[in-house]
Amino acid sequence: MKRALAWLRILGAFGILGVLVWQLGSAAFLDGLGRISTPGVLAALVIGFATTLFSAGRWQIVATRLGLRLSLRTAVADYYRALFLNGVLPAGVLGDVHRAVQHGRDSGDVPRGVRAVVLERTAGQLVLIASAVTVVLVSPGVVPGAFREVVTVTGVVVVLAAVAAVIAGRVFGGRWIHSPSKVRRGFAVTLADLRLGLFTRETWPGVGFLSAATLAGHLALFVVAARVAGVDAPVGQLVPLMILALLAMGLPLNVGGFGPREGVCALLFGAAGLGAAQGVTVAVVYGVLTLVASLPGAGVLLVRSVAGFRVTRAPHTGVLPAPRTAADTGIESEVGLKS
């Protein structure tokens with residue numbers, strides 16, 4: 001079943017791209033690749049470092065609140081590696097899965113390590129959804145009717161889910177935390193981690209600020225992509241379109257991020273009078289620059305793989321090796337992710 005869903009995601013992404021090529025031709029894609037320049041690459045690396053630092057800081061706050069050790073240096077390195085793997089592997093989330101499981105193993109609590117990553121990413125999505133709903137309310141004219149309804153429904157569902165989680169936590173959390181039922185106990189622990197990781201007064205200001213800063217970094221890179229693609233529209237006109245495009249990137253129908261982003265950009269740029277083909281070009285440039293911004297993660301992956309290889313090839317001396325940390329993750333974890 002899981003393999004079928006994975007293939008469905010891949011086929012869905014290629015289906016979207018195929019329809020765009022059929023309707024707009026291949027020139028929009030090839031033009032995007034041909035416009036990549038050195039200034040654009042340098043801007044992507046600088047902006048990528050800032051957004052990765054903000055995201056890693058958010059992860060560190062959430063993980064620390066859940067009782068897990070995570071230094072900022074390790075968080076940045078692990079986040080870079082996850083971004084790179086997200087960009088080069090199908091589905092776009094395998095890097096985060098690896099990050100979550102590996103940190104959980106290093107911390108001695110895999111379930112809580114996974115929840116820390118899920119909550120950290122959830123915080124970013126909440127800020128993005130709130131921004132998309134704001135765009136719909138403030139500038140409804142830039143959003144096509146069907147898309148406007150999707151964003152509105154998504155916002156309502158998120159609000160209802162948040163309210164339900166708070167109520168469930170207050171009603172059942174205390175009762176079920178010591179329940180003999182694993183399901184009830186796990187539910188109570190998850191709700192407790194949700195409150196600790198995101199919604200306490202010690203947590204939400206920092207997590208909210210870093211999530212907003214991360215979103216600003218993604219939008220800045222999108223603006224760079226638009227300028228590289230030759231779009232000279234005002235930033236105020238581009239930002240609402242880009243927020244909605246970032247929201248579409250969360251759909252699990254992509255290959256290395258490509259798929260829904262190009263389709264939504266074609267729709268939004270066409271509706272805004274900027275041209276559907278131009279929207280595809282901007283999306284392609286953004287995808288390439290995003291991959292460029294994650295390239296330090298390839299360096300992290302290589303360094304740790306080499307370090308792990310040396311550890312496994314070291315001669316046995318009769319002395320037990322020192323405990324491994326998150327910074328010493330070896331090639332075994334990388335192979336385990338790909339298998």
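1. Start with the charged network: salt bridges link R58, D96, R99, E120 and R121. Keep in mind that this is a predicted model. Across the whole structure, a search turns up nine salt bridges.

2. One pair to look at in that network is D96 and R99, whose side chains meet in a salt bridge at 2.7 Å, N to O. Both sit in helix α5 (residues 94–107), three residues apart, so about one helical turn separates them. Are they buried or exposed? D96 has 7% relative accessibility, and because the cut-off for buried is under 20%, D96 counts as buried. R99 is buried as well, with a relative accessible area of 1%.

3. Next, try helix α4 (residues 72–88), where R81 and D78 are three residues apart, so again about one helical turn lies between them. Their side chains form a salt bridge of 3.6 Å, N to O. R81 is buried at 1% relative accessibility, and D78 is buried at 4%.

4. For a salt bridge between distant parts of the chain, go to E202 and R65, which meet at 3.9 Å, N to O. E202 is in the loop between α8 (182–199) and α9 (204–228), while R65 belongs to helix α3 (residues 38–65); the two are 137 residues apart. E202 is exposed, at 56% relative accessibility, and R65 is partly exposed, at 31%.

5. Last, leave the charges and check the surface: V159, V163, I167 and V171 make a nonpolar patch of about 320 Å². V171 lies in helix α7 (residues 145–176) and is partly exposed, with a relative accessible area of 35%.

Methods. Residues are numbered from 1 along each chain as its sequence is written. This is a predicted model: local features need pLDDT of at least 70, side-chain atom pairs count only at pLDDT 80 or more; totals for chains, interfaces and linings use all residues. Side-chain values use heavy atoms; hydrogens and water are left out. Patches are made of residues with over 30% relative accessible area and no salt bridge: like charges are joined within 9 Å, nonpolar side chains (Val, Leu, Ile, Met, Phe, Trp, Tyr) within 5 Å. Accessible areas come from the Shrake-Rupley method with a 1.4 Å probe; for residues, only the protein chains shown count as cover. A salt bridge is a side-chain nitrogen of Lys or Arg within 4 Å of a carboxyl oxygen of Asp or Glu. Helices (H or I, at least four residues) and strands (E, at least two) are DSSP runs, numbered from the N terminus. Buried means under 20% relative accessible area, exposed over 50%, partly exposed in between (1.4 Å probe, protein chains only).
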